Every structure is written in structure tokens, then in C-alpha cells.
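Colleague: I should like to request a close look at a single part of this model. Please set out your answer step by step, in terms that a first-year student can follow.

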Amino acid sequence: MSELKEKVLSALKEVMDPEIGMNIVDAGMVKDIKVEDGKVTVYFRPTSPFCPLMRYFALVIERKVSEVEGVKEVEVKTVFP
């Protein structure tokens with residue numbers, strides 16, 4: 001795993017799901033992280049397709065990841081099984 005990807009993963013562990021009281025990484029909501037030339041794409045799976053916090057998560061993920069040194073661009077993609 002690249003150093004930048006590890007930093008992004010660490011930042012995402014600070015994003016908590018208030019409904020289950022667990023961070024989104026440990027809750028299995030982060031399905032993948034792609035890093036290419038400073039562009040980071042986070043593939044996020046909410047607990048349900050009707051999750052009322054979906055927009056909140058996208059905004060918080062984008063903010064947290066953009067704060068990581070070396071990240072130039074962030075994209076959050078919501079995925080469903």
C-alpha cells in the first residue's frame with residue numbers, strides 16, 4: 001500500500017457513523033481507495049441505499065481526505081452491492 005493511501009485510510013478512520021458509533025473504515029463502509037498522481041477516489045458504501053446521512057458522509061470524506069498532505073483532488077463515489 002502506498003504511503004499516501006495509508007494516510008488517506010488513517011484520515012478516514014476519523015469519520016464516524018453516528019448511528020452505529022463506529023468509524024466508516026472499521027464498519028466496512030470504505031470499499032476501496034484509488035490513488036493516482038495525487039487524485040484520490042474513495043469508494044464508499046453506506047449502510048443502505050436510503051441512508052439519510054449519505055450526503056453528510058460524502059462531504060466529510062471529501063474534507064478529511066483533502067486535508068491529507070499530497071492529496072490534490074478528491075472524488076467520493078457511492079457504491080451499492
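Leaving aside its neighbours within four places in sequence, which residues is Gly70 in contact with?

Modeller: Once neighbours within four places in sequence are set aside, Gly70 is in contact with Leu4 and Gly38. Please bear in mind throughout that this is a predicted model. To place these contacts, it helps to begin with Gly70 itself and then to move outwards through the chain.

Gly70 is found in the loop between α2 and β5. Is this residue buried, exposed or partly exposed? Its relative accessibility is 46%, and Gly70 therefore counts as partly exposed, since that class lies between the 20% limit for buried residues and the 50% limit for exposed ones. Separation along the chain and separation in space can also be set side by side here. Val60 is 10 residues from Gly70 in sequence, and the C-alpha atoms of the two are 18 Å apart in space.

The helix that precedes this loop, α2, covers residues 54–66. Helix α2 lies across β4 and β5, and its direction runs at about 155° to that of β5. One of the contacts of Gly70 is Leu4, and the other helix, α1, comprises residues 3–12.

The next step is the sheet. Three strands form it in the order β3-β4-β5; the sheet is open, and its pairing is mixed. Its edges are β3 (30–36) and β5 (73–78), each of which pairs on one side only. From one strand to the next, the twist averages 15°. Helix α1 packs on this sheet, where α1 touches β3 and β4, and the direction of α1 makes about 140° with that of β3.

The word "mixed" can be followed strand by strand. Strands β3 and β4 run antiparallel and are joined by 6 bridges. Strand β4, residues 39–44, runs parallel to β5, and 6 bridges join these two strands as well.

Individual residues show how this pairing works. Thr41 lies in strand β4. On the β3 side, Lys34 stands opposite Thr41; in β5, the bridge partner of Thr41 is Glu75. Not counting residues up to four places away in sequence, Thr41 touches Asp32, Ile33, Lys34, Glu75 and Lys77. Its relative accessible area is 8%, so Thr41 is buried. Val42, for its part, stands opposite Val76 in β5. In a regular strand, side chains alternate between the two faces of the sheet.

The turn between β3 and β4 also deserves attention. These two strands form a hairpin with 2 residues between them. Asp37 lies in that loop, and its phi is near 50°, a positive value in a residue other than glycine. Is Asp37 buried or exposed? Its relative accessibility is 68%, so Asp37 counts as exposed. Along the chain, Asp37 and Glu73 are 36 residues apart, yet their C-alpha atoms are separated by 9.3 Å.

These details may now be set within the whole chain. Its secondary structure comes to 2 helices and 5 strands, and reading along the sequence gives the pattern α-β-β-β-β-α-β. The radius of gyration is 12 Å, close to the 12 Å that the globule rule gives for 81 residues, so the chain is as compact as a globular protein of that length. Along its principal axes, the C-alpha trace spans about 35 × 20 × 20 Å.

Contacts between distant parts of the sequence can be counted too. Among contacts with a separation of 6 or more, 59% are between residues 24 or more positions apart. Buried residues make up 33% of the 81 residues. The accessible surface of the chain comes to about 5,000 Å², and carbon and sulfur atoms account for 49% of that surface.

A last point concerns confidence in the prediction. The average pLDDT of the chain is 94, and 99% of the residues score at least 70. Confidence is lowest in strand β1 (residues 16–17), with a mean of 94, and highest in β4, at 98.

To return to the starting point, Gly70 sits in the loop between α2 and β5, where its contacts beyond four places in sequence are Leu4 and Gly38.

Methods: Residues are numbered from 1 along each chain as its sequence is written. This is a predicted model: local features need pLDDT of at least 70, side-chain atom pairs count only at pLDDT 80 or more; totals for chains, interfaces and linings use all residues. Side-chain values use heavy atoms; hydrogens and water are left out. Two strands pair if DSSP finds at least two bridges between them. Helices (H or I, at least four residues) and strands (E, at least two) are DSSP runs, numbered from the N terminus. Axes are lines fitted to C-alpha atoms, for helices over the stretch in contact, and angles run from 0 to 180 degrees between N-to-C directions. Contact means heavy atoms within 4.5 Å. The radius of gyration is taken over C-alpha atoms; the globule rule is 2.2 Å times the number of residues to the power 0.38. Buried means under 20% relative accessible area, exposed over 50%, partly exposed in between (1.4 Å probe, protein chains only). Accessible areas come from the Shrake-Rupley method with a 1.4 Å probe; for residues, only the protein chains shown count as cover. pLDDT is the predictor's confidence in each residue, from 0 to 100.
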